[in-house]
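Hello,

Here is the structure we talked about, ready for you to open alongside this note. I have written up below what turned up when going through it.

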Amino acid sequence: MPNFREPVTMDDLERYAAQHLDKNAFDYFSSGSGDDVTLHENRQAFKRIKLRPRMLRNVSHQDISVTVLGHKLSMPICVFTHSLSGNGASRRRTGHSQSGEFHGHSYGSESILYKQSGRPYGKHKGRANFLLPGHLEFANFLSLKKKKGFRNNGELGYYIGSLLDSSVDWETFDWLRSITSLPFVVKGIYTAEDARLAVQHGAQGILVSNHGGRQLDGVPATIEVLAEIAEAVRGTGVEVYMDGGVRLGTDVLKALALGLERCLLDGLLSGDLLTRESKGVTKVLQMLRDELKVAMALAGCASLKDITPSLVMRHAASHL
Ligand SMILES: Cc1cc2nc3c(=O)[nH]c(=O)nc-3n(C[C@H](O)[C@H](O)[C@H](O)COP(=O)(O)O)c2cc1C
């Protein structure tokens, strides 16, 4: 007999987290910026898009594998890094902490994720007074903390914030590209104009993202701009990924129908953060994979190639 008290969806996990994490941590994970307009839009826009399933198709053998920067993945869903994830775990350190002038994250140490975060980080009332608890550390800045003699995370955090560099631009991108042979993925691209610039400047991938509604509040949901970006880079070989508001397998299906060719990244709900179990991430990925496979079968899609724009009703959301 299934245990119905087990979380079955990512929304269940979020409710569980709201009840079990301390408020400081939950507010940090769950808040957006400004008035949370974009944070909510990321979810709502998925709900407005409706599906057009096809019937009587053989879906007995499903293949949902994809290739990302030359690596084969078993499904088009990944969990991505984000800052201070250890904050959700009980007295456990994490290697995910990150900040800096521009983000040069290592993606499996085999590519660089370039994100301009030199601009002031979107403010939000929910995490305005957030403080990294004393038992956790900004893992990337331990030696700096020691060198500068900072007594606590508050002093260190303030200093890190002062290092953010607002002058980062495409020239900086070119310079960074010139000193490494690693492939580059640019995160946060939101217009066809910038997508074309990313191609011109030699990016190998574009991650369409509004950072989970945590930066510029008032931009549309990621799913609403995905098609524009996919169209702008079509035929260039540049890979397009997205994140923002993905909570269901049907969301993944809709994104794939609307131009996502490769991979969809889910940033926030590493269940790790939400359930205080290291198995949480695996659980979330399994949930999404199972939901995607069921959704594809019910929509008549055996493989990702079967997922075409005709699978979604565009007039259900007139702005798409
Ligand atoms: C708590 C938290 C911290 C984040 N920190 C970063 C960060 O340091 N760098 C970054 O590029 N994105 C960061 N993000 C954004 C995520 O990488 C991702 O773009 C976003 O969460 C996707 O939206 P979703 O949460 O709706 O899935 C963070 C997100 C959250 C929720």
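Let me start with a small puzzle: does Leu69 count as buried, exposed or partly exposed, going by its C-beta neighbours inside 10 Å? Please keep in mind as you look that this is a predicted model.

Leu69 counts as partly exposed, because it has 18 C-beta neighbours inside 10 Å, and a residue needs 20 or more to be buried. You will find Leu69 in the loop between strand 2 and strand 3, the latter being residues 71-73. What may catch your eye there is the backbone: Leu69 is not a glycine, yet its phi is positive, at about 45°. Most residues other than glycine have a negative phi.

Leu56 also has a positive phi without being a glycine, in this case of about 50°. Leu56 sits in the loop between strand 1 (50-51) and strand 2 (66-68). Its surroundings are sparse in C-beta atoms: Leu56 has 5 such neighbours inside 10 Å and therefore counts as exposed.

Now for the overall picture. The chain has 320 residues, and 38% of them are buried. Its secondary structure consists of eleven helices and eleven strands. If you take the contacts between residues at least 6 apart in sequence, 69% of them join residues at least 24 apart.

Strands 7, 8 and 9

A good place to look next is strand 8, residues 205-208. Strand 8 pairs with strand 7 (residues 184-187) in the parallel sense, over three bridges. Within that pairing, Lys187 has Leu207 of strand 8 as its bridge partner. Strand 8 also pairs with strand 9 in the parallel sense, this time over four bridges, and here Ile206 is matched with Val240 of strand 9.

How are the side chains of strand 8 arranged? Gly205 and Leu207 point one way, Ile206 and Val208 point the other way, and all are buried. Strand 9, residues 239-242, is covered on both faces as well: Glu239 and Tyr241 are buried on one side, and Val240 and Met242 are buried on the other.

After strand 8 the chain enters a loop that leads to helix 8, and Val219 lies in that loop. Val219 is partly exposed, as 18 other C-beta atoms lie within 10 Å. Beyond its neighbours within four places in sequence, Val219 is in contact with Thr38, Tyr190 and Asn210. The C-alpha atoms of Val219 and Leu39 are separated by 9.5 Å, although the two residues are 180 apart along the chain.

Two pairs of helices

Two packed helices are described by the angle between their axes and the distance between the axes. The pair to open with is helix 7 (residues 192-200) and helix 8 (residues 222-233), which pack at an angle of about 40° with their axes 9 Å apart. Their crossing is right-handed. Helix 7 makes the contact with Ala192, Ala195, Arg196 and Val199, while helix 8 brings Glu228, Ile229, Glu231, Ala232 and Val233. By type, the residues of this contact are six nonpolar and three charged, with no polar ones.

The other pair is helix 9 (residues 249-257) with helix 11 (residues 280-299). These two pack at an angle of about 60°, and their axes are 7 Å apart. That angle makes helix 9 oblique to helix 11. The crossing of helix 9 and helix 11 is right-handed. On the helix 9 side you will see Gly249, Thr250, Val252 and Leu253, which meet Leu288, Glu291, Leu292, Val294, Ala295, Met296 and Ala299 of helix 11. This contact divides into eight nonpolar residues, two polar and one charged.

One more residue

Finally, have a look at Leu156, which lies in helix 5 (residues 153-163). Is Leu156 buried or exposed? Leu156 counts as buried, because it has 20 C-beta neighbours inside 10 Å. Setting aside its neighbours within four places in sequence, Leu156 is in contact with Phe138, Phe141, Lys145 and Phe150. The C-alpha atoms of Leu156 and Leu142 are separated by 9.4 Å, with their positions 14 residues apart along the chain.

Happy browsing, and best wishes!

Conventions: Residues numbered from 1 in each chain as written. Predicted model: local features only at pLDDT ≥ 70, side-chain atom pairs only at ≥ 80, totals over all residues. Axes fitted to C-alpha atoms, helices over the stretch in contact; angles between N-to-C directions. Left-handed = near helix turned anticlockwise from the far one by under 90°. Contact = placed C-beta atoms within 7 Å. Nonpolar A, V, L, I, M, F, W, Y, C, P; charged D, E, K, R; others polar. Parallel < 35°, antiparallel > 145°, perpendicular 65-115°, else oblique. Buried ≥ 20, exposed ≤ 12 C-beta atoms within 10 Å, placed from the backbone. Pairing = 2+ DSSP bridges.
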